[in-house]
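Biologist: Please take a close look at one part of this model, the place where two domains of a chain meet. I would like one connected account, including how far the prediction can be trusted there.

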Amino acid sequence: MDPDRPSLTRLPAGIALPVAARVALVVVPSSFLAVFYVWPFLGLVAEVVDGSAIADTFGRPGLGRVMWFTCWQAVLSTAATLVVGLGPAYLVARWEFPGRRLLTALLTVPFLLPTVVVGAAFIALLPDALETSAVAIVIAHVFFNVAVVVRVVGGVWSQLPADLVAAARVLGAGPWRATREVTLPLLRPALVAAGSIAFLFTFTSFGVVQILGGPTRVTIEVEIARRATQLGDVSGAAVLSLVQLALLAVVVGVTVRTQRRASVSIGLHAQASPRPRTRRTRLAVGAAAVTVAALVVAPLAALALSSVRPGGRWSLTAWRTFGDGPARPGADLGVDAIGAVVASLRAAALATALAVAIGTLAALAVSSARRGGRLLDVGSMLPLGTSAVTIGFGMLITFDRAPVDWRGEPWLVAVGHALVAVPFVVRAILPVLRARPVGWREAAATLGASPLRAWWEIDVRLLRRPVLVGACFATAVSLGEFGATTFLSRTGHETLPVVIARLLGRAGDVPRAQASALAVVLAAVTTIVLVGVELLDRPTDGGGGGRARRS
Amino acid sequence: MIHRRSTTRLGALALVSVLALVACSDDAADAPTDTTDTTQATDATDEAPVTITLVTYDSFPAEGTSLNDALASFTASTGIEVELVIAGDTGTMVSKAVLTAGNPEGDVMWGVDNTSLSRALPAFEPYTSAEIDALDPALTALVPGGELTPVDFGDVCINTDLEWFTAEGLEPPTTFADLVDPAYADLLTVQNPATSSPGLAFLLATVAEFGADGWQAYWTDLRDNGVEVVDSWTTAYYERFSGSSGDGPSPLVVSYASSPPAEVIFADPPRDDAPTGVMTETCFRQVEFAGVLAGTDHPEQAQRLVDFLASAEFQQEVALNLFVWPARTDVAPPPEFVEFADVVDTPLTVAPEDIETNREVWLDEWTQIVLR
């Protein structure tokens, strides 16, 4: 897009926030990353990686194949996710209809369901020919990650001024041309942000690849886990983890660059979404909403069904035996559903608070500091691209002595979740921050506000919606997180995904039905929490274009 | 309008407060579930209460079962509190133990198995349990240095869907040779030994049966007879196997000898006969061990816990909670376990040090033969 278009001013590289404030913004998130990511990771590398480990890794046949498969499936999955995600993103961002918030929350649910659970439902819905194929992997990645596009792109889309498109239409552009030349360029930073998260997720994909790809399709992440846990070759795993990061650093570096270059400032307001007025649009919006909901709900319905039909007959045993009563005398599965829900919510609350605090500061720092900010931008994304095994093992050998003897601390699991969630918060906020109108800040200064005050009033206040989007993700990530959790040692109550996985490791009708029932509980809890967070997103004042419909 | 808005905001506020409450109620819920009467415990031992940590794998129930009750009774009689740390699956747990050898994350570990035994040994402090004489000597012989104490065993075998074979009018296969017979083509699902521990056990069973130079030819035949490979036990048993509650296409799957009794015990609706059987000639024996982690701050208490884990009181609980057989010869498993589990008279086995030396080479060879 042409950055010199008159109505769209390019954003200056830095802004006039006092140096001390900028430093403070950078220090807090950097310290968090340094302590809980960089230190454990480098600690592990320093402990186990040596020349022979590197030589062994590169000397082993098949590494090139694994790297190639990892990259192309991730690129393809990301592209497909972006294309498919635009439809539902448009729907929930630009139209007001009954159940819109519920649909938005539902769309996030696939993102957090443990793949081991949904994988089964997914296989059942796929045609046989596609099972255990690369196509199945891509379809599953789209299904799981569409939420990212809906949230991140939809978040910006809902705030794009409608008058730009209207102006294009008045000037004679058809709907397709207006979309291509006005809407898409304006969405580009958000598309890049969503794309880079989807890329990281699919690049480091573990469960989906294992379940749907079959044993011949191996990503670097799968190979790292296999070396570290099955073969006890932690050194080899750490070397592969470095290889994975090096590959990623290139990709992330490129996207960060693109994203910054594409930033334009426009007036972002919460826009009043129209309700479909004509019969045709009403039908179209309704049909689209129902289709999207059906696609999301189908696997969930399959889960719910399998929780009440163990062994092919209707039964409520799985639901009845939660928490109390053994399945047979002496044979108790030890499932405390309420305890697991509470444990999951508690971890999610802590992880969300941490991720939102750190991620918001990081986003503000990235957008207002120059060099340090850029470093932080890339740095905050790295945990998402680092194998969970390496981080888990790194924490184990780093936090092992007073005063940092934190092994087995329950909060360490939440910190692990927060590390995964911070990039989402940053990605949700940055496009909005970068697109903020420069003039506003100057207007505030003209009216007598100090730079700090202007920053507070303009930047920080713009953040309410993107922060909520980020919080949704952090909550979803934490509630559904399984990979990092399993590699961290844990004490106390088990979280839902962990209990589900434990049950699925047992033979018998009841454990299986209970796993399905718990997955339904997980989906329900998450939907409730996300709808709750969505409800917080109501305009607090009468001014501006309120999203709430005015009658 | 205003009215509606404030109610939804109130609802959201309530939700946030609930979340906050949940987040803040740490103290109440974090109290160990196995807390018992500490005054009584202190009287019993005359010592300040000590908490020791039992590191274990993720299929060990964290709370609420008779296994946890047994641990609580240990605390009641000794005054030693036991905290459970779940360290991941067996492979992950052993890797962690080796990585932290000398400065362990707990005092005692439960669940090291014979396929990872050799690499685990340096992480343990030799200790000969007071209960050693009651344990199966064939199992204790696996650890001549006394670093670990055998606590249970089980067998990985091919399970058969009995109803499927009856319906097809086909005798279920019984031997390795049957599996490469074209009459049984395309019926077997196994796990990838590179990613699954039962998968590895079954590969080791063929190594034990055909020798270090013979198993390759057998797997070539298996491949040609249409063996299906998936990555995990869960996928194999629940998605591909036809004999459990799933409706997969394969009537033969690699699972455990204890899976048929589990199918009865956890059946819904209840049933009196196992829907699945076991090919007892294909079984690889998995033995699990417990031991004192080297570098513990509480060696004496840790040793007492190892003794307890090998005691009759604890051993009688392992069958129905972990679906394994007790290592003690004087503890009888519960009747439903005995009734529905086939006895494996001649399990296959490979020496732990041979597994350690050759595992990676065997896995690479297997991958070349079966997957490429």
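**Where the two domains meet**

Modeller: In this predicted model, chain B is assigned two domains, each built from two segments: domain 1 covers 35–153 + 286–335, and domain 2 covers 155–285 + 344–370. Between the C-alpha centres of domain 1 of chain B and domain 2 of chain B the distance is 29 Å. Where the domains touch, 13 residues of domain 1 of chain B are in contact with 15 residues of domain 2 of chain B.

On the domain 1 side of chain B, the elements that contribute two or more residues are helix H5 (90–99), helix H6 (117–120) and strand S10 (284–293). H6(B) provides the largest share of that side, with three residues. Sorted by class, the side of domain 1 of chain B that touches domain 2 of chain B consists of six nonpolar, six polar and one charged residues.

As for confidence, the average pLDDT of chain B is 86, and 87% of its residues score at least 70. The weak stretch is residues 1–45 of chain B, where pLDDT is below 50, although the model gives this stretch 48 contacts beyond near neighbours in sequence. The assigned bounds of domain 1 of chain B begin at 35, and the pLDDT below 50 runs through residue 45 of chain B.

For the partner, chain A has an average pLDDT of 80, with 86% of the residues at 70 or above. Its residues 1–15 have a pLDDT below 50 and 20 contacts beyond near neighbours in sequence. Residues 539–551 of chain A also stay under 50. For the complex, the predictor reports an ipTM of 0.83 and a pTM of 0.84.

Conventions. Residues numbered from 1 in each chain as written. Chains lettered and ligands numbered in written order. Predicted model: local features only at pLDDT ≥ 70, side-chain atom pairs only at ≥ 80, totals over all residues. pLDDT = per-residue confidence, 0-100. Contact = placed C-beta atoms within 7 Å. Domains from an automatic or database assignment. Helix = DSSP H or I, 4+ residues; strand = E, 2+ residues; numbered from the N terminus. Nonpolar A, V, L, I, M, F, W, Y, C, P; charged D, E, K, R; others polar.
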